[in-house]
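Q: I would like a close look at one part of this protein, with enough of its surroundings to find my way on screen. Please walk me through it step by step.

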Amino acid sequence: MKFLNQITNYAKEALQSAKYIGQGLSVTFDHMRRRPITVQYPYEKLIPSERFRGRIHFEFDKCIACEVCVRVCPINLPVVDWVFNKEIKKKELKHYSIDFGVCIFCANCVEYCPTNCLSVTEEYELATYDRHELNYDSVAMGRIPYKVTQDPMVTPIREFAYLPAGVMSGHDLPAGAQRAGERPEAIANTTESSESSEN
């Protein structure tokens, strides 16, 4: 009797273990049919969306030192240093800087700039060991922005929200795709073609 009880208990434990293993594998098999969410950073990087607000790019020659960016900034962050030239009766910009350690990347300064000397870029890797290095002057802000799609050492991955239905991998990036979504002119062309086909 004791031997039969031991066999019965062993069989129950084996069935219970098989049940738990099956539950774990069911979760695994369920995730095999889903889109991946892991990016092998820094060898793989997501392409930022079209309206992504990264590091601000500054063009010194376009700036008229109007200080609109300072007035619309919620924290009065941009520092605009200028002198008034009496000969031409205009302001002359001497120095411009933004501390990206404090900046909230709202892009109000970009939106309200009358000369479009400010623009947001796709660059988001601004980490440093010293917070004072995040205070960018006009030279640092004027350098050409970094793009994930133009880096030969990185595999660009399309953001998963922008993948078409049925596509499981973000690695299938078509040649020439520079952004996560379509460009505005492509969307306008698609809209116009669909309207013309309806008429």
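A: Happy to; what follows starts with the whole chain, goes to the annotated cysteines and ends at the nonpolar core. Please keep in mind that this is a predicted model, in which local features need pLDDT of at least 70 and side-chain atom pairs count only at pLDDT 80 or more, while totals for chains, interfaces and linings use all residues. Residues are numbered from 1 along each chain as its sequence is written, and side-chain values use heavy atoms, with hydrogens and water left out.

The chain has five helices and seven strands; these are DSSP runs numbered from the N terminus (helices: H or I, at least four residues; strands: E, at least two). Read from the N terminus, their order is α-β-β-α-β-β-α-β-β-α-β-α. Of the 199 residues, 27% are buried, a term that stands for under 20% relative accessible area, with exposed meaning over 50% and partly exposed lying in between (1.4 Å probe, protein chains only).

Now to the part itself. An unreviewed UniProt entry carries the annotation "binding site" for Cys73, Cys103, Cys106 and Cys109. UniProt positions are given here in the numbering used for this model, feature names are shortened, and such annotations may be inferred rather than shown by experiment. The four cysteines span 37 residues in sequence, but no two of their C-alpha atoms are more than 11.0 Å apart, so they gather at one spot.

Let us take two of them in turn. Cys103 sits in the loop between β4 (90-99) and α3 (108-112). Because its relative accessibility is 16%, Cys103 counts as buried. Leaving aside residues up to four places away in sequence, Cys103 touches Ile75, Leu77 and Ile98, where touching, or contact, means heavy atoms within 4.5 Å.

Cys106 is found in the loop between β4 and α3 too. Its relative accessibility is 26%, so Cys106 is classed as partly exposed. Again without residues up to four places away in sequence, the contacts of Cys106 are Arg53 and Pro74.

The loop between β4 and α3 also holds Ala107, whose backbone deserves a glance. Ala107 has a phi near 65 degrees, a positive value in a residue other than glycine. As a backdrop, most residues other than glycine have a negative phi, and most peptide bonds are trans. Ala107 is buried because its relative accessibility is 13%.

From here, follow Ile98 inward. This contact of Cys103 is also one of the residues in the largest nonpolar core that touch the most other members. A nonpolar core is a set of buried Ala, Val, Leu, Ile, Met, Phe, Trp, Tyr and Cys residues joined through side-chain atoms within 4.5 Å. The core counts 24 residues, and the others that touch the most members are Ile56, Phe58, Tyr96, Phe100, Leu118 and Met141. Two or more residues each come from β2 (56-58), α2 (68-72), β4 and α3. With three residues, β4 gives the largest share. In soluble globular proteins, nonpolar side chains tend to be buried together.

Phe58 is a handy landmark for this core. Not counting residues up to four places away in sequence, Phe58 touches Cys63, Leu93, Tyr96, Cys117, Leu118, Ser138, Met141 and Gly142.
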